[in-house]
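Hi,

Here's the structure I said I'd pass on. Have a look at it first, and my notes on what turned up are below.

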Amino acid sequence: MTKQREVILRIIQSSGQHLTAEQIFLAAKQELPSLAIGTVYNNLNALCADGTITRVQISRQPDHFDRAPIERLHHHMVCDRCGRIEDLKLDDLQSYLQKHCDAKISSVELTVHCTCDECHRRQQTP
């Protein structure tokens, strides 16, 4: 594994958030000043392709990257106000859907849109 890929993976794995490529680039640039944004995208694509990380695609937002490998897939909840992404665990969703569909389900990606507690509290405060 290249030094660039190691740094990118470490940033993703140590973050408690779902980072965008730009956020990963800015963090990696602190350690690797000559790093190019294209190198970050190439490494993110490779890490996604080999199942080390997963790409979280949300309508009208840049892709985010999740430290969870593909075999530990989970769903996401997105605040429509602030854009915060949180993990959502619904372990039996795929088996439930499989029982009720005529087709073989290979995977399920679910994004729940909401207003997070923090944004809801701000909205209620006069």
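**How the helices pack**

Helices α2 and α3 are oblique to each other, because their angle of about 120° falls outside the ranges that count as roughly parallel (under 35 degrees), roughly antiparallel (over 145) or roughly perpendicular (65 to 115). Before I go further, bear in mind that this is a predicted model.

For orientation, α2 covers residues 21–31 and α3 covers residues 37–49, and their axes lie 10 Å apart. The crossing of this pair is right-handed. On the α2 side the contact is made by Ala21, Ile24 and Phe25, and on the α3 side by Ile37, Val40, Tyr41 and Leu44. That contact has seven nonpolar residues, with no polar and no charged ones.

Next up is α1 (residues 3–14), which packs on α2 at an angle of about 125°, again with the axes 10 Å apart. That angle makes α1 and α2 oblique to each other, and their crossing is right-handed. Here α1 brings Lys3, Val7, Ile8, Arg10, Ile11 and Ile12, while α2 brings Ile24, Ala27, Ala28 and Glu31. What is the make-up of this contact in nonpolar, polar and charged residues? It divides into seven nonpolar, no polar and three charged.

**The core**

Some of those names come back in the largest nonpolar core, which has 18 residues. Ile8, Ile12, Ile24, Val40, Leu44, Ile53 and Phe65 are the ones with the most contacts inside it. The elements giving two or more residues to this core are α1, α2 and α3, and α1 supplies the largest share, five residues.

Ile8 is a good place to start if you want to click around. Setting aside neighbours within four places in sequence, Ile8 is in contact with Ile24, Thr39, Val40, Asn43, Leu44 and Leu47.

**The chain as a whole**

Zooming out, the chain holds five helices and six strands. Read from the N terminus, the order of elements is α-β-α-α-β-β-β-β-α-β-α. The C-alpha trace spans about 50 × 50 × 25 Å along its principal axes. There are 126 residues in the chain, and 34% of them count as buried. Looking at contacts with a separation of 6 or more, 47% come from residues 24 or more positions apart.

That's it from me. Shout if anything is unclear.

Cheers

Technical notes. Residues numbered from 1 in each chain as written. Predicted model: local features only at pLDDT ≥ 70, side-chain atom pairs only at ≥ 80, totals over all residues. Heavy atoms only, no water. Axes fitted to C-alpha atoms, helices over the stretch in contact; angles between N-to-C directions. Helix = DSSP H or I, 4+ residues; strand = E, 2+ residues; numbered from the N terminus. Left-handed = near helix turned anticlockwise from the far one by under 90°. Contact = heavy atoms within 4.5 Å. Nonpolar A, V, L, I, M, F, W, Y, C, P; charged D, E, K, R; others polar. Core = buried A, V, L, I, M, F, W, Y, C linked by side-chain atoms within 4.5 Å. Buried < 20%, exposed > 50% of the residue type's maximum accessible area, 1.4 Å probe, protein only.
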